[in-house]
Amino acid sequence: MSLIIDCHGHYTTAPEPHNAWREAQVKAFDAKAPPPLYPDIPDDLIRESIEGAQLRLIRERGADMTIFSPRASTMAHHVGDEGVSRAWAERCNDLIKRVVDLYPETFAGVCMLPQSPAADLQGSIAELERCVNELGFIGCNLNPDPGGGHFAHPPLTDRYWYPFYEKMCELDVPAMIHVSGSCNHALHATGAFYIAADTIAFMQLIEGDLFADFPTLKFIIPHGGGAVPYHWGRYRGLADMLKKPGLDKHLMENVFFDTCVYHQPGVNLLAEVIDSKNILFGSEMVGAVRGVDPTTGFYFDDTKRYVDALDIPDADRHAIFEGNARRVFPRLDAILKARGL
Ligand SMILES: [Zn+2]
């Protein structure tokens with residue numbers, strides 16, 4: 001039996017008291033007042049928020065599991081300070097843990113980090129350790145631009161990030177490179193900022209030699225790798241001009257793209273250009289694009305349909321749906337093996 005593992009889902013339907021607490025937390029910070037007490041959120045409210053949304057869609061669309069993390073657009077690392085980010089990240093990750101505990105067959109947890117524009121990565125390292133060692137999470141979302149749309153942080157290849165990568169390698173967890181909300185009004189969050197950040201991250205990796213220093217480090221670049229597959233010739237050519245090895249050796253032992261590309265021709269191109277060993281099935285639902293495509297009658301983010309329709313060998317489809325996710329998330333593989341899967 002083979003599994004269909006969605007590598008990219010966020011808790012976009014978190015219960016209202018959780019969201020209200022965040023609003024109050026930010027208000028308190030602005031007023032220099034202590035943060036409010038976190039509300040008591042009953043299991044029923046969590047069940048309600050999941051069963052009518054993600055869980056229903058996972059079942060309707062024929063997936064088995066979703067790798068599940070806090071809502072990306074509301075990580076908002078640019079808001080408040082490191083203490084605000086830490087308290088928010090802990091609450092969000094604890095809530096993911098509750099979802100995983102309620103539906104362990106369906107969800108595996110991935111954490112957000114308490115990044116903050118002026119902070120180093122010590123707080124993020126501590127939260128990653130807590131989430132992996134205590135909550136059983138299998139990965140993290142790493143924000144390459146915690147300033148929220150100004151790209152003021154050093155590139156992902158800079159030594160600024162190295163202590164965090166060391167911890168990732170030690171714990172054997174990958175990161176999805178994922179920005180959050182945009183505070184730059186010139187950048188629409190999900191339409192411009194996300195896709196630009198994915199593309200920027202890949203180019204940063206080309207310019208550096210990160211995986212020579214961290215041969216086991218693994219990144220997922222979401223949203224189909226941004227503009228990268230479409231411009232693959234440009235990136236191969238730039239790597240050549242920069243006297244880097246070919247991209248297959250330079251990056252593609254360590255970098256993976258998901259299938260959050262919301263139309264068939266885009267997924268066809270992804271599969272034609274990028275080796276199937278580097279593609280992980282993902283939908284990012286319920287997320288950025290929630291409507292029905294009038295030209296097909298199906299939801300834009302029902303990405304399993306596009307992968308099903310690819311003209312590729314069964315072994316490649318199996319890799320995209322299951323095999324690659326188990327390789328990129330070794331802790332997920334261990335959980336599944338322990339269940340006899
Ligand atoms: Zn996402």
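**A walk through the predicted chain**

Lys32 lies in the loop that joins α1 to α2 (43–51). In this predicted model, the phi angle of Lys32 is near 55°, a positive value in a residue other than glycine. Is Lys32 buried or exposed? With 6 C-beta neighbours inside 10 Å, Lys32 counts as exposed, because the limit for that class is 12 or fewer.

A second residue with this backbone feature is Ala76, whose phi is positive at about 40° although Ala76 is not a glycine. Ala76 belongs to the loop between β2 and α4. Here the surroundings hold 21 other C-beta atoms within 10 Å, so Ala76 is buried, the threshold being 20 or more.

The loop between β2 (65–70) and α4 (82–102) also holds His78. His78 is buried as well, because 21 other C-beta atoms lie within 10 Å of its own. Which residues does His78 touch, if those up to four places away in sequence are not counted? They are Pro117, Pro146, Gly147, Gly148 and Cys183. Between His78 and Phe29, which are 49 residues apart along the chain, the C-alpha separation is 13 Å.

Another histidine, His153, is located in the loop between β4 (139–142) and α6. With 16 other C-beta atoms within 10 Å, His153 is partly exposed. Its contacts, leaving aside neighbours within four places in sequence, are Pro144, Asp145, Pro146 and Gly147. Pro146 and Gly147 thus appear in the contacts of His78 and in those of His153. From His153 to Asn143, ten residues away in sequence, the C-alpha distance is 10.0 Å.

The helix packing comes next. Two packed helices are described by the angle between their axes and the distance between the axes. For α1 (residues 16–30) and α4, the angle is about 175° and the axes are 11 Å apart. The two helices are therefore roughly antiparallel to each other, since angles over 145 degrees fall in that class. On the α1 side the contact involves His18, Trp21, Arg22, Gln25 and Phe29, which meet Val84, Ala87, Trp88, Arg91 and Leu95 in α4. Sorted by class, this contact has six nonpolar, two polar and two charged residues.

The pair formed by α5 (residues 122–134) and α6 (residues 162–171) packs at an angle of about 15°, with axes 9 Å apart. That angle makes α5 roughly parallel to α6, because the class covers angles under 35 degrees. Their crossing is right-handed. From α5, Ser124, Ile125, Leu128, Glu129 and Val132 meet Pro163, Phe164, Lys167 and Leu171 of α6. By class, the residues in this contact are six nonpolar, one polar and two charged.

Further along the chain, the peptide bond from Met285 to Val286 is cis, with omega near 5°. Val286 sits in the loop between β8 (279–280) and α12 (303–308).

These details belong to a chain with 14 helices and eight strands. Along its principal axes, the C-alpha trace spans about 55 × 45 × 40 Å. For 341 residues, a compact globule would have a radius of gyration near 20 Å, so the chain's 19 Å agrees with that expectation. Of the 341 residues, 43% are buried. Among contacts with a separation of 6 or more, 78% are between residues 24 or more positions apart.

Technical notes: Residues are numbered from 1 along each chain as its sequence is written. This is a predicted model: local features need pLDDT of at least 70, side-chain atom pairs count only at pLDDT 80 or more; totals for chains, interfaces and linings use all residues. Axes are lines fitted to C-alpha atoms, for helices over the stretch in contact, and angles run from 0 to 180 degrees between N-to-C directions. Helices (H or I, at least four residues) and strands (E, at least two) are DSSP runs, numbered from the N terminus. Angles under 35 degrees count as roughly parallel, over 145 as roughly antiparallel, 65 to 115 as roughly perpendicular and the rest as oblique. A crossing is left-handed if the near helix is turned anticlockwise from the far one by less than a right angle, and right-handed if clockwise. Two residues are in contact if their C-beta atoms, placed from the backbone, lie within 7 Å. Ala, Val, Leu, Ile, Met, Phe, Trp, Tyr, Cys and Pro count as nonpolar, Asp, Glu, Lys and Arg as charged, and the others, Gly among them, as polar. The radius of gyration is taken over C-alpha atoms; the globule rule is 2.2 Å times the number of residues to the power 0.38.
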